[in-house]
Protein chains: 2
Amino acid sequence: MGALVNQQILLVSRPIREPRPDNFRLVRVPLLDPRQMQDGQVLVRHHFLSLDPYMRGRMDEGTSYAVPQPLDQVMLGATAGEVIASKTPEFKVGDTVVGYGGWQEYSLVDGTRPGALRKVDTTRLALSAYLGAVGMPGVAAWYGLTQIIEPKAGSTLVVSAASGAVGSVVGQLAKLRGCRVVGLAGGDHKCRFVTEELGFDACIDYKQYGDLQSLSEALQRACPKGIDACFENVGGVILDAVMQQANAFARIAVCGMIAGYNGAPQVMANPTLILVTRMKIEGFIVGDHLAMWPPALLELSELVASGQLKYRETVSHGLASAPEAFIGLLGGKNFGKQLVKLH
Amino acid sequence: MGALVNQQILLVSRPIREPRPDNFRLVRVPLLDPRQMQDGQVLVRHHFLSLDPYMRGRMDEGTSYAVPQPLDQVMLGATAGEVIASKTPEFKVGDTVVGYGGWQEYSLVDGTRPGALRKVDTTRLALSAYLGAVGMPGVAAWYGLTQIIEPKAGSTLVVSAASGAVGSVVGQLAKLRGCRVVGLAGGDHKCRFVTEELGFDACIDYKQYGDLQSLSEALQRACPKGIDACFENVGGVILDAVMQQANAFARIAVCGMIAGYNGAPQVMANPTLILVTRMKIEGFIVGDHLAMWPPALLELSELVASGQLKYRETVSHGLASAPEAFIGLLGGKNFGKQLVKLH
């Protein structure tokens, strides 16, 4: 291999509310000559970028849970790709790997750093699955469901963003555990997928309900025995409506609040319900719970390989498409896991 | 004893927001002749009524966690008194007992029903203590602190309504467990009591801060390492300010939301913080956790008897004073546990 060119997308300004294309910039930089790699380094060619709602929080300065995305640096994010050069015996050319390479075509990784790269088996599962149902979104679903909600068979669980990368896994895992599962999704085509393909008991098209009262009534119809648990990806009026229909001792795992990510003012309408229903509301981030990843990934990979866990992807093509795809994700334009395929 | 007259206070109409004296009515009814008592019955003369914020929720129709207080019936509530007649060997005339006799001078109780009456030892503790620090409020403090917050030595805990029956116990138990404890109370005299008598590290007079921002800044000054836990009795802007200063993995036990009890509109300003700080917020009611009462009462009674746990009482005199005292309690006019002494 000679000198390669690496295309990257940088964050060049912080969005006020919704990100705009001009918050990002595509640049071309020379890639390190593989012959100059140091011991332990691995050069990865990315096949897929993962686009995830949490990235919006990191684009703000100091208001999110993680270190903010630095300006004028490559957008951070998970990637799946292939080793094209290696200076460590742990990784060989041709290995398929997932890592945290960011919005660029190649990444140079310290392969000796624990967790920096993970080899994945693409003979049983598609490479892209390791960014979705068998990756961070799947682990988020597994963690919130099994460690915070601890669902009981026969109980009623509500999942928002039900057709998405996380919500679709939550609902299917809960069905396998004997729950009645009701999804919320935006649009009839997503709702039909959620019930007909994923096997949820019901799915509410939240776009049909313009206010808290009507959404709450729709939940009541779909959950005649009330709501025992909720896996929350959206927040806002959806969380308010769920709280109105919650049973005593309801548990709400808060994985995302995408309704507020673009800075729209968002309040909780009736926090007194936390007391009245003796509710537990708990926020979590899967990165805090690394010890739970192996058992989660084991269950998830078995279920996907055996066809018991289904997922859907929306794929945009080419690095340059990433900003628009990300903006669409925040607006719910994706259908399932949002990926960027690089070639 | 001949035929006795029993005075009672009934709830005769439901308050819209703040209760008013005319929501209650004092009535005089003949008391059962003790010679007509049935086997198992115990006649108790009340010395003290307990007034508690939770009673406001029960005055509404079907919006609280418990069965609503029925109209035209004796106001429900805990009582401490003395057995004056008994048809069961488990209770003798002269025994001091706590029960759930309601706002009246006497109650006729089925002494064989488990938990209906509990004999208490007034040689080590004052009778009224069993309605406060060694009663339901003390158990609420103990439960929320030890079972939901699980405080670590060196962590910072905030308690609202810090001079009250529950808050005062929370803070002292947390100090014994090695926490830095910051209270919130209304007025300089309450704050001085909280720091000088109860030994809290600091106490903020929330009446000095008219908005979320200034209250949040006051908390920041009192909690330079941030807030790891909060025992919430008030809600509203106090909870919002605590959430703004919360550290990662903060735990909030919600025991009361007195700010919203009188129906004033109340929202949570920034629920996204639940996710950002991976916060756990959990509401609880001590009546749900009867198995924890014995260990809680054991610790609390030892601490009060040995002088390590202090409390303060506000006592109004005569049954007729109960409605005004209760209205004052909801407005924060009490200082410590609010009681009514009947004679």
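This is a short tour of a predicted model, with stops at the contact between chains A and B and at a group of strands in chain B.

**Stop 1: the two chains together.** Start by showing chains A and B side by side. A rotation of 180° with 0.0 Å of shift along its axis lays chain A over chain B, at an RMSD of 0.0 Å. The two copies are thus related as by a two-fold rotation axis. Both copies use the same surface, and 100% of the contact residues of chain A recur in chain B.

**Stop 2: the contact.** Now colour the residues where the chains meet: 26 residues of chain A are in contact with 26 residues of chain B. On the chain A side, select helix H7 (272-276) and strand E14 (280-283), the elements that give two or more residues to this surface. Colouring that side by class shows 14 nonpolar, eight polar and four charged residues.

**Stop 3: a strand pair across the chains.** Select residues 280-283 in both chains. Here E14(A) and E14(B) pair in the antiparallel sense over three bridges. Which residue of E14(B) is the bridge partner of Ile281(A)? Zoom in and you will find Ile281(B).

**Stop 4: inside chain B.** Next, select strand E12(B), residues 227-232. This strand is mostly covered, with six of its six residues buried. Add strand E9(B), residues 156-159, which pairs with E12(B) in the parallel sense over three bridges; Val158(B) has Cys230(B) as its bridge partner. Then add strand E13(B), residues 246-254, joined to E12(B) by five bridges, again in the parallel sense. Look for Glu232(B) opposite Val254(B).

**Last stop.** Show helix H6(B), residues 237-244, as well: E12(B), H6(B) and E13(B) form a right-handed β-α-β unit.

Key: Residues are numbered from 1 along each chain as its sequence is written. Chains are lettered from A and ligands numbered from 1 in the order in which they are written. This is a predicted model: local features need pLDDT of at least 70, side-chain atom pairs count only at pLDDT 80 or more; totals for chains, interfaces and linings use all residues. Two residues are in contact if their C-beta atoms, placed from the backbone, lie within 7 Å. Helices (H or I, at least four residues) and strands (E, at least two) are DSSP runs, numbered from the N terminus. Ala, Val, Leu, Ile, Met, Phe, Trp, Tyr, Cys and Pro count as nonpolar, Asp, Glu, Lys and Arg as charged, and the others, Gly among them, as polar. Two strands pair if DSSP finds at least two bridges between them. Copies are superposed by least squares on the C-alpha atoms of residues with pLDDT of at least 70 in both. A residue is buried if 20 or more other C-beta atoms lie within 10 Å of its own, exposed if 12 or fewer, and partly exposed in between; C-beta atoms are placed from the backbone. A crossover is right-handed if, with the strands pointing away from the viewer, the path from the first strand over the helix to the second runs clockwise.
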